[in-house]
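Hi,

Here's the structure I promised to pass on. Have a look at it first, and my notes follow underneath.

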Amino acid sequence: MVNLDKWMLQYFEESSDMIIFLDKHNHILYMNHAAQKVLTTGENVSQITDALCTYCQGFTNESEKMTCINCFTHNQKLQNETFQVFMKDKEGNTVPYSASYVEMAGEEKIKVLSMQDVSPQLRTQAIHHQKTLTQKIISTQESERKRISRELHDSVVQELLNVVVDFRLLKYKTDEELSKHTQLMEGTMTRLIDDIRNLSLELRPSSLDDFGLEAAFRSHFRQLEKNYGLEVEMLSNLEGRRFDSEIETVVYRVTQEAILNAMKYAETDEVYINIAYDKDELTVEIADQGKGFDISSPPKGTGLGLFGMQERAEIVGGTVNINSEAGRGTQVTLTIPIGG
């Protein structure tokens, strides 16, 4: 005859997974050796009356990474489902676990919570994510270099060749023709200067390093209005406040990309920017009242613009949230935590 009770008891005691029995008040009744090693230093575990909340730091749901709202021990939907929960160990470290629980039949309402440390898997996942991110960043950088190379070849180099030709023709011009020809050359040189200045601004505006976000944005918005007729209205409470160079770069680039997407796809000539800072975070909202789109549908174009905004934000621990609806415009919100 199969000795199931013996096997189950052996599994309970020898499993590397943490197994904890809880009463209806979520007090710990009993835990196996794996759980004792992590959660308690007490030798007489039969007398344990600690509440689970002594160790639990919250669980992960759709909207929060670590939350106690609608605690998993009271959430019937999570029974027999796998979810991520965070526990504080004896050293005070917060450790992520893959968890599941079941409420046993009976008036006692005993719960059994099983947990497996997923720190190694998360570290491996983070390494692979970083490799993927690096590859995509390199690919995006190469695409940008190709674009700049084409711009230099098609505009700057071409204009320079025209100037060279104009110089060679000078010796064949009469005094009467010379004045008109030099005026044409001056116009060519002016266009060339504008092209180089625009490329320089795209690479990195000097005003961003010298004067900060507000000055860089105002300069960029003037260029947009001059070149494309796009009107950008900006509200800000920065009052000249400066941030780390990396944060300012991320804010500038994400905003620049969001405006570019509005120009390409929203069919609008107005964009609204709101920059709000408090002691904990910096928030930038980029909104338009254009066509909008269904965010569940595949993005137009390559989708690298949306991807690039998300990835740039992650570099400084930030997030990008995109809200849009067909016919009701789009709002891109960049949120960056500010330490200190």
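In what order do the five strands of the open sheet run? Going across, you get β7-β8-β9-β11-β10, and the pairing is mixed. Before you read on, keep in mind that this is a predicted model. The edges of that sheet are β7 (231-236) and β10 (319-324), each of which pairs on one side only. From one strand to the next the twist averages 15 degrees.

At the β10 edge, the neighbour is β11 (residues 330-337), and the two pair in the antiparallel sense over six bridges. If you want a spot to click on, valine 320 has leucine 334 in β11 as its bridge partner.

Two helices pack on this sheet. Helix α6 (residues 213-228) touches β7 and β8 (270-277), and its direction makes about 165 degrees with that of β7. Helix α7 (residues 245-266) touches β8, β9 (281-288), β10 and β11, with its direction at about 10 degrees to that of β9.

Now for some strands earlier in the chain. β3 (residues 56-59) pairs with β4 (residues 83-88) in the antiparallel sense through three bridges, while β4 and β5 (residues 94-103) run antiparallel and are joined by six. Valine 85 is a handy marker here: it is the bridge partner of phenylalanine 59, and its own partner in β5 is tyrosine 97. The β4 and β5 hairpin has five residues between the strands, and glycine 92 takes a positive phi near 85 degrees there.

Last, the start of the chain: Leu4, Trp7 and Met8 make a nonpolar surface patch, together about 360 Å² of accessible area. Met8 belongs to helix α1 (residues 4-14).

Cheers

Conventions
Residues are numbered from 1 along each chain as its sequence is written. This is a predicted model: local features need pLDDT of at least 70, side-chain atom pairs count only at pLDDT 80 or more; totals for chains, interfaces and linings use all residues. Side-chain values use heavy atoms; hydrogens and water are left out. Patches are made of residues with over 30% relative accessible area and no salt bridge: like charges are joined within 9 Å, nonpolar side chains (Val, Leu, Ile, Met, Phe, Trp, Tyr) within 5 Å. Accessible areas come from the Shrake-Rupley method with a 1.4 Å probe; for residues, only the protein chains shown count as cover. A salt bridge is a side-chain nitrogen of Lys or Arg within 4 Å of a carboxyl oxygen of Asp or Glu. Helices (H or I, at least four residues) and strands (E, at least two) are DSSP runs, numbered from the N terminus. Two strands pair if DSSP finds at least two bridges between them. Axes are lines fitted to C-alpha atoms, for helices over the stretch in contact, and angles run from 0 to 180 degrees between N-to-C directions. Contact means heavy atoms within 4.5 Å.
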